[in-house]
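Subject: A structure for you to look at

Hello,

Here is the structure I promised to pass on. Please open it next to this message, and then read on for what turned up in it.

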Amino acid sequence: MSVMLLAMSSVSCGQDRPPAEKEPKASNVTAREGATKMKITIGSKVFNASLFDSPTAEAFKAMLPLTVEMGEFNGNEKDHKFSKSFPTDDSNPKTINSGDLMIWGSNTLVLFYKTFPTSYRYTRLGRIDDPSVLESAVGKGNVTVTFELETQQKSEINNE
């Protein structure tokens, strides 16, 4: 029985991506209070998100605003393959969380809408602040997603 449980725990939700063979390394990605804020629009739903402080996030940010068609993959994520590569620093997160935004390989943007364990390697890009209705927003099949930087309104100082 324990052998069956061990075998079942090593399965990663039916992902068809080949696991990377290199050892995990420390990531230079940091989440900080001043992280770049972003809006992700899916249909009529708008999600607030944070981009991490990394070369990958900087390259992604330079492309914004951006609207892409994201395809369904494995019943837990939407993905979009770019023709250009991003700088990457991949690692195995062990657990994917709903709302995680990552790069797989060097050019595939992945938005996860379910939480599950994984043995695959990704470069962390950012995360949706509150993904509670993300799964219903992305629905089944392909979906159009818009990524844009959150505009910050500057307050005017009145010198009277």
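Before the details, one term: a polar contact is a pair of N or O atoms within 3.5 Å, and within protein one of the two must be able to donate a hydrogen and the other to accept it. Please also keep in mind that this is a predicted model.

With that term in hand, have a look at Ser98. A polar atom of the Ser98 side chain is 3.4 Å from the backbone oxygen of Tyr113. You will find Ser98 in the loop that joins β5 (95-96) to β6 (100-104). Is Ser98 buried or exposed? Its relative accessibility is 13%, and buried means under 20%, so Ser98 counts as buried. Apart from neighbours within four places in sequence, the residues in contact with Ser98 are Phe112, Tyr113, Lys114, Thr115, Arg127, Pro131 and Leu134.

Now for the overall strand arrangement. Strands of a sheet pair through backbone hydrogen bonds, either parallel or antiparallel. Here, 8 strands form a closed barrel with antiparallel pairing, in the order β1-β2-β9-β6-β7-β4-β3-β10. On average, neighbouring strands of this sheet are turned by 30 degrees against each other, direction ignored. If you would like one pairing to trace by eye, try β6 with strand β7 (residues 108-112), which pair in the antiparallel sense over 4 bridges. There, Met102 has Val110 in β7 as its bridge partner.

Strand β1 (residues 36-42) is another good place to stop, as it holds Thr41. Which residues does Thr41 touch, not counting those up to four places away in sequence? They are Val46, Thr144, Val145, Thr146 and Glu148. Thr41 and Ala137 are also worth locating: 96 residues separate them in sequence, while their C-alpha atoms are 9.4 Å apart in space.

Last come the aromatic rings. The structure holds 5 aromatic pairs. In one of them, Phe82 and Phe86 have ring centres 5.4 Å apart and planes at 75 degrees, so this pair is edge-to-face. Both Phe82 and Phe86 are buried. Ring pairs also join Phe82 and Phe86 with Phe60 and Phe147 in a cluster. Finally, Lys84 lies over the face of Phe86, 5.2 Å from the ring centre.

Enjoy exploring, and do write back with any questions.

Best wishes

Notes. Residues numbered from 1 in each chain as written. Predicted model: local features only at pLDDT ≥ 70, side-chain atom pairs only at ≥ 80, totals over all residues. Heavy atoms only, no water. Helix = DSSP H or I, 4+ residues; strand = E, 2+ residues; numbered from the N terminus. Buried < 20%, exposed > 50% of the residue type's maximum accessible area, 1.4 Å probe, protein only. Contact = heavy atoms within 4.5 Å. Phe/Tyr/Trp six-rings, centres within 6.5 Å; stacked < 30°, edge-to-face > 60°. Lys NZ or Arg CZ within 6 Å of the ring centre and 35° of its normal. Pairing = 2+ DSSP bridges. Axes fitted to C-alpha atoms, helices over the stretch in contact; angles between N-to-C directions.
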